[in-house]
Amino acid sequence: KAEPQKPERRQQKEVKAQHILPQRRGPVPAPEPTSTSSASNQPPVLRSTGAVAGRKQIDKFMEEIKTKHISQTDLVNVKQVHVKLPEGVLRPLIDVLAKYVAKYGQEFEEAVRADLAKHKQDILANLGGDVGAIDFSFLSARSDSNEANYYKWKTFALAQGDNMKRWRLTPFQMVHHGTVWHPPPEDHVDSSRSRSCSRSRTHTHHRGRACEGSRSRRARSRSRRGKDRDRDREPERDRDRYADRKRQRELEREKRQRSAEADRSTERKKRRKVERRLCQGQPAGTGRLERRERKELARIQAELKPLKATILRATCWCLDRADCAVEIARNLVEGMVEGGLALADRVHRLLLLSDVAHNSGSSLASSAWCYRRELEAQLPEAFERLHAAYRGEESRIGAEHAAGKVVRVLQSWQARALFAAQFVKGLETSFLRDVVSADALAPPAGIPGARASILPEAISVRLAEWRAQHFS
């Protein structure tokens, strides 16, 4: 009994390697013989549940192959659909939609249906073109139109590995015992173009192989002649190369000379301009602006905005012409108190005037210090007029906003010590309160005792001192 068990164990290992039999320990028992004659002449037969399962899998696989390869007799009793290519703008729309549905699945298709139900008009407007020719009824599950059949076939074909230009033409079934789908023929334009391109490439290839030998011989002969010619012309090329370099150096030298001459000419013009403004022998800052520069200053003040960039450009323009500080300061103050100007525009011009005063200590502009002197002489009267514009403003909110900006400007002057503290306080008082003229309170000239009760004697003495010592 020990000898006949060896082939059974070997057969058991082969079946186990094929993943048919489950793992077992020990030998497989031999089947009982049906008769004594057959038991003596036949080897033991292996039967197990694993072998039966493998046979069932093979039968199922063969049945699936038979269903996929449809015969002509099977096509008679099954519903058939012949897919046709849509015309117009609907085909590219269906192709794009089928591409994304094949990639992302049924959830994407449901999302498209939901968007169409809510925002159909917006989607049609965004697509543009002939809106009347676009119909999304092919997305309906019960639709049996040519467009719906094309959409279903295209989605399935792209999911199976076909592309937009090439697809399989054999009939097929999407489900077992289902409808037979006949794909549409490929585009004749693309196929004819591909065939013509292949014929031209083949013709060119054969002709190129025929001419390859003669072409190589001609190339070798030309290369030999070219080498000899280059050897003969080498000295001439060296001379040409040297002449080109020399000519290039001369051109660069002339260019540098012209540039230096232009710079010297510009410097001379600037120096003459400064000398003409300074009027040699006159005090600093008493130069005169040209007519073009006066117009430019008026334009700068008219276009002034409450922005750092515009005020910066205007300040730089004034500092570059500090040799004309007297005239520029007068124009700035006159522009601030100009008649018919809104209060906001007056405040904008005050900001420019403040920046010029803050930068009057610049060491780059030799006469910039003159701005502070000229502004100090003209600001009291300007602030009195600014007070009149402040009182005449109709909008109280706009007036208070402008007053806040003016007070901040005065505080910056006092913090940087641009002017004396008493002078800045007097400017603030003349802007915020009504100012009574000293001439109205002082007694008339030539009448010593007139209106003495109105103005005390101590104030009259101080007023006389101020008039003698100060410009105000």
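# Briefing on a predicted helical and strand-containing chain

His387 is buried, its relative accessible area being 8%. This histidine belongs to a predicted model, in which the chain carries 16 helices and three strands. Of the 472 residues of the chain, 26% count as buried, and the accessible surface comes to about 34,000 Å², of which 52% belongs to carbon and sulfur atoms. Among contacts between residues at least 6 apart in sequence, 61% join residues at least 24 apart.

**Two buried histidines**

- His387 is placed in helix α12, which covers residues 370-391, and the side chain of His387 reaches the backbone oxygen of Phe431 at 2.6 Å.
- Leaving aside residues up to four places away in sequence, His387 touches Ser430, Phe431, Leu432, Arg433 and Asp434.
- His182 has its place in strand β3; with a relative accessible area of 15%, His182 is buried because the limit for that class is under 20%.
- The side chains of His182 and Gln80 are joined by a polar contact of 3.1 Å, and Gln80 is also one of the residues that His182 touches, together with Val81, His82, Val83 and Pro171, when residues up to four places away in sequence are not counted.

**Helix α4 and its packing**

- Helix α4 runs over residues 90-104, and its 15 residues should span 21 Å at 1.5 Å a residue; the end C-alpha atoms are 21 Å apart, in agreement with that expectation.
- The buried residues of α4 are Leu90, Arg91, Ile94, Asp95, Leu97, Ala98 and Val101, a list that includes the charged residues Arg91 and Asp95.
- These buried residues pack against two other helices, α5 (106-127) and α6 (146-159).
- After α4 comes Gly105, whose phi is positive, near 95 degrees.

**Salt bridges**

- Side chains of opposite charge can pair when their charged atoms come close, and a search of the whole structure finds 17 salt bridges.
- Within helix α5, the side chains of Glu109 and Arg113 meet in a salt bridge, with N to O at 2.8 Å; the two residues lie four apart, about one turn of the helix.
- An α-helix has 3.6 residues a turn, so residues three or four places apart point the same way.
- Glu109 counts as buried at 13% relative accessibility, whereas Arg113 is partly exposed, with a relative accessible area of 26%.
- The pairing of Glu109 and Arg113 is part of a wider arrangement, in which Glu109, Glu110 and Arg113 are linked in a network of salt bridges.
- Glu186 forms a salt bridge with Arg166, and the closest N and O atoms of the two are 3.2 Å apart.
- That pair links distant parts of the chain, 20 residues apart: Glu186 lies in the loop between β3 (180-182) and α7 (188-278), and Arg166 in the loop between α6 and β2 (172-173).
- The two partners fall into opposite classes of accessibility, as Glu186 is buried, with a relative accessible area of 18%, while Arg166 counts as exposed at 52%.
- In a further salt bridge, the side chains of Arg292 and Glu290 meet at 3.7 Å, N to O.
- Arg292 is partly exposed, with a relative accessible area of 48%, and Glu290 is likewise partly exposed, with a value of 28%.

**A nonpolar patch at the surface**

- Ile58, Phe61 and Met62 make a nonpolar surface patch of about 310 Å².
- Phe61 has its place in helix α3, which covers residues 49-68.
- With a relative accessible area of 48%, Phe61 is partly exposed, because this value lies between the 20% under which a residue is buried and the 50% over which a residue is exposed.

Key. Residues are numbered from 1 along each chain as its sequence is written. This is a predicted model: local features need pLDDT of at least 70, side-chain atom pairs count only at pLDDT 80 or more; totals for chains, interfaces and linings use all residues. Side-chain values use heavy atoms; hydrogens and water are left out. Buried means under 20% relative accessible area, exposed over 50%, partly exposed in between (1.4 Å probe, protein chains only). Contact means heavy atoms within 4.5 Å. Accessible areas come from the Shrake-Rupley method with a 1.4 Å probe; for residues, only the protein chains shown count as cover. Patches are made of residues with over 30% relative accessible area and no salt bridge: like charges are joined within 9 Å, nonpolar side chains (Val, Leu, Ile, Met, Phe, Trp, Tyr) within 5 Å. A salt bridge is a side-chain nitrogen of Lys or Arg within 4 Å of a carboxyl oxygen of Asp or Glu. The expected span of a helix is 1.5 Å times one less than its number of residues. A polar contact is a pair of N or O atoms within 3.5 Å; within protein, one must be able to donate a hydrogen and the other to accept it, and residues adjacent in sequence count only if both atoms are side-chain atoms.
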